[in-house]
Amino acid sequence: MIWNPEMTFPTMIRSISDGIYITDSQGDCLAHNEAFLHITGIPINVVGRNVSTLIDDNLISDSATIEVIRCGKRVSKVIIFPSGCEALVTGNPVFDKDGKLINVVCEVRDLSELNTLKDELKRSKQLN
């Protein structure tokens with residue numbers, strides 16, 4: 001397989017169906033993809049806003065980012081967003097060479113399809 005130099009990292013992030021949300025070590029949003037806005041139901045670009053203000057403004061109900069900043073470890077949470085979407089949010093710390101937290105990268109996975117498959121499997125087992 002040959003690497004396509006036209007495929008930049010931002011292009012790859014935009015193509016992912018999971019939401020991606022990146023903050024600095026203080027929780028200020030540096031970037032996100034459209035899937036993040038779609039899954040969460042947040043109606044605005046939140047680059048430059050601190051994740052705590054998203055909670056204060058009821059745009060999100062909980063934050064893996066805040067937990068990662070607090071404990072310095074990977075954190076996963078199931079969060080129901082104002083869109084009504086239930087999502088698995090995994091916050092990943094990024095450290096510099098000296099071990100200092102510099103970023104938090106969150107993956108936001110919509111659990112709707114997984115929950116539907118789980119319900120279908122349960123119904124199928126009941127029929128058998």
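The questions and answers below go through a predicted model of one protein.

Student: In what order do the elements of the protein run from the N terminus on?

Tutor: The protein has five helices and five strands. A helix stands at the start and another at the end of the series. From the N terminus on, the order is α-β-β-α-α-α-β-β-β-α.

Student: What share of the residues of the protein counts as buried?

Tutor: The cut-off for buried is a relative accessible area under 20%. The protein exposes about 8,300 Å², and carbon and sulfur atoms supply 55% of that area. Of its 128 residues, the buried share is 34%.

Student: Where is Asp24 placed, and is Asp24 paired in a salt bridge or unpaired?

Tutor: Asp24 is in strand S1, which covers residues 19-24. Asp24 is buried. A salt bridge needs a side-chain nitrogen of Lys or Arg within 4 Å of a carboxyl oxygen, while the nearest side chain of opposite charge, Lys100, is 10 Å away from Asp24. The place is strand S1, and Asp24 is unpaired, with no salt bridge.

Student: Which backbone nitrogen atoms lie close to the side chain of Asp24, and at what distances?

Tutor: A polar contact needs N or O atoms within 3.5 Å. The side chain of Asp24 reaches one backbone nitrogen at 2.9 Å, and a polar atom of this side chain lies 3.0 Å from another. They belong to Gln26, at 2.9 Å, and Gly27, at 3.0 Å.

Student: Which residues is Asp24 in contact with, leaving aside its neighbours within four places in sequence?

Tutor: Contact here means heavy atoms within 4.5 Å. With the neighbours within four places left out, the residues in contact with Asp24 are Leu30, Ile69, Ile102, Asn103 and Val104.

Student: Why do the buried residues of helix H4 lie on the same side of H4?

Tutor: Helix H4 covers residues 64-71, and Ala64, Thr65 and Val68 are buried in it. An α-helix has 3.6 residues a turn, so residues three or four places apart point the same way. The three residues of H4 share one side because the arc they cover around the axis is only 100°.

Student: What covers the buried residues of H4?

Tutor: The cover includes one helix, H3 (51-56). It also includes strands, among them S3 (75-80) and S4 (86-95). The elements named are S1, H3, S3, S4 and S5.

Student: Which residue caps the N-terminal end of H4, and which residue follows H4?

Tutor: At the N-terminal end, a side-chain oxygen of the cap lies 3.1 Å from the backbone nitrogen of Thr65. The residue that follows H4 has a positive phi, near 70°. The cap is Ser63, and the residue after H4 is Gly72.

Student: How far apart in sequence are the parts that Arg109 and Asp18 tie together?

Tutor: The side chains of Arg109 and Asp18 meet in a salt bridge, at 2.6 Å from N to O. Arg109 lies in strand S5 and Asp18 in the loop between helix H1 (9-15) and S1, so the tied parts are 91 residues apart in sequence.

Student: Is Asp18 buried or exposed?

Tutor: The cut-off for buried is under 20% relative accessible area. Its partner Arg109 is partly exposed, at 46%. At 11%, Asp18 counts as buried.

Student: How many salt bridges does the whole structure have?

Tutor: One of them joins Asp57 and Arg49, with the closest N and O atoms 2.3 Å apart. Lys77 and Asp62 also meet in a salt bridge, at 3.1 Å. A search of the whole structure finds five.

Methods
Residues numbered from 1 in each chain as written. Predicted model: local features only at pLDDT ≥ 70, side-chain atom pairs only at ≥ 80, totals over all residues. Heavy atoms only, no water. Helix = DSSP H or I, 4+ residues; strand = E, 2+ residues; numbered from the N terminus. Buried < 20%, exposed > 50% of the residue type's maximum accessible area, 1.4 Å probe, protein only. Lys, Arg positive; Asp, Glu negative; His and termini not counted. Polar contact = N/O pair within 3.5 Å; in protein donor to acceptor, adjacent residues only side chain to side chain. Arc of directions from axis to C-beta. Areas by Shrake-Rupley, 256 points an atom, 1.4 Å probe, with all protein chains shown as cover.
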